Amino acid sequence: MAALRSLLPCVPGLLRPRHGCAALRTFAAGAKFEYIITEKKGKAHNVGLIQLNRPKALNALCKGLITELSQALQAFEEDRAVGAIVLTGGEKVFAGGQHGSGSWAVRGAV
Ligand SMILES: C=CC(=O)SCCNC(=O)CCNC(=O)[C@H](O)C(C)(C)COP(=O)(O)OP(=O)(O)OC[C@H]1O[C@@H](n2cnc3c(N)ncnc32)[C@H](O)[C@@H]1OP(=O)(O)O
């Protein structure tokens with residue numbers, strides 16, 4: 001799971017929220033994300049499901065989506081009950097790739 005997170009584009013200071021930070025507390029409390037849907041599946045609720053949910057832009061990877069994805073991965077990773085994580089996209093495409101053109105990860109403009 002840590003390996004999967006390490007594949008995400010680098011957004012300094014955003015991808016690895018410190019343990020106990022506000023974002024993780026919000027996630028743990030079950031608040032909804034804007035760009036992803038998360039759920040625990042299976043009889044033992046031991047499968048973490050993350051679905052990319054930005055259909056208007058074909059799940060293009062904007063900074064907000066990447067940040068939420070990283071937070072969800074970290075929260076599932078720290079959940080001792082979760083033994084596997086499934087990451088899915090949309091019906092039409094998994095994701096439209098990097099949002100827009102150029103390097104938003106560097107400019108931080110999205
Ligand atoms: C890290 C490197 C990379 O990721 S490189 C790859 C970057 N991604 C792309 O180059 C894909 C760009 N998108 C497309 O070529 C097409 O959208 C498509 C082939 C994936 C699908 O074509 P289709 O005709 O079925 O849909 P639309 O083109 O009409 O797209 C719908 C809607 O989504 C928006 N969108 C799609 N991809 C992106 C993106 N990468 N960034 C931002 N927005 C994207 C597209 O603009 C449309 O929005 P709308 O408001 O309706 O104009």
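For the classes used in this report, Ala, Val, Leu, Ile, Met, Phe, Trp, Tyr, Cys and Pro count as nonpolar, Asp, Glu, Lys and Arg as charged, and the others, Gly among them, as polar. On that basis the shell around the ligand has 3 nonpolar, 5 polar and 2 charged residues. The model is a predicted one, in which local features need pLDDT of at least 70 and side-chain atom pairs count only at pLDDT 80 or more, while totals for chains, interfaces and linings use all residues. Residues are numbered from 1 along each chain as its sequence is written, and side-chain values use heavy atoms, with hydrogens and water left out.

The residues around the ligand, each with a heavy atom within 4 Å of it, are Lys56, Ala57, Leu58, Ala60, Lys92, Gly96, Gly97, Gln98, His99 and Gly100. The table lists polar contacts, that is, pairs of N or O atoms within 3.5 Å.

| Residue (backbone N or O) | Ligand atom | Distance |
|---|---|---|
| Gly96 | nitrogen | 2.8 Å |
| Gln98 | oxygen | 2.8 Å |
| Gly100 | nitrogen | 2.8 Å |

The protein covers 34% of the 950 Å² of accessible area that the ligand has on its own, as given by the Shrake-Rupley method with a 1.4 Å probe.

His99, from the ligand shell, lies 36 residues from Lys63 in sequence and 8.4 Å from it in space, C-alpha to C-alpha. Lys63 is found in helix α3, where helices are DSSP runs of H or I with at least four residues and strands are runs of E with at least two, numbered from the N terminus. Because its relative accessibility is 21%, Lys63 counts as partly exposed, the class between buried (under 20%) and exposed (over 50%), with a 1.4 Å probe and protein chains only.

Notes:
Polar contact = N/O pair within 3.5 Å; in protein donor to acceptor, adjacent residues only side chain to side chain.
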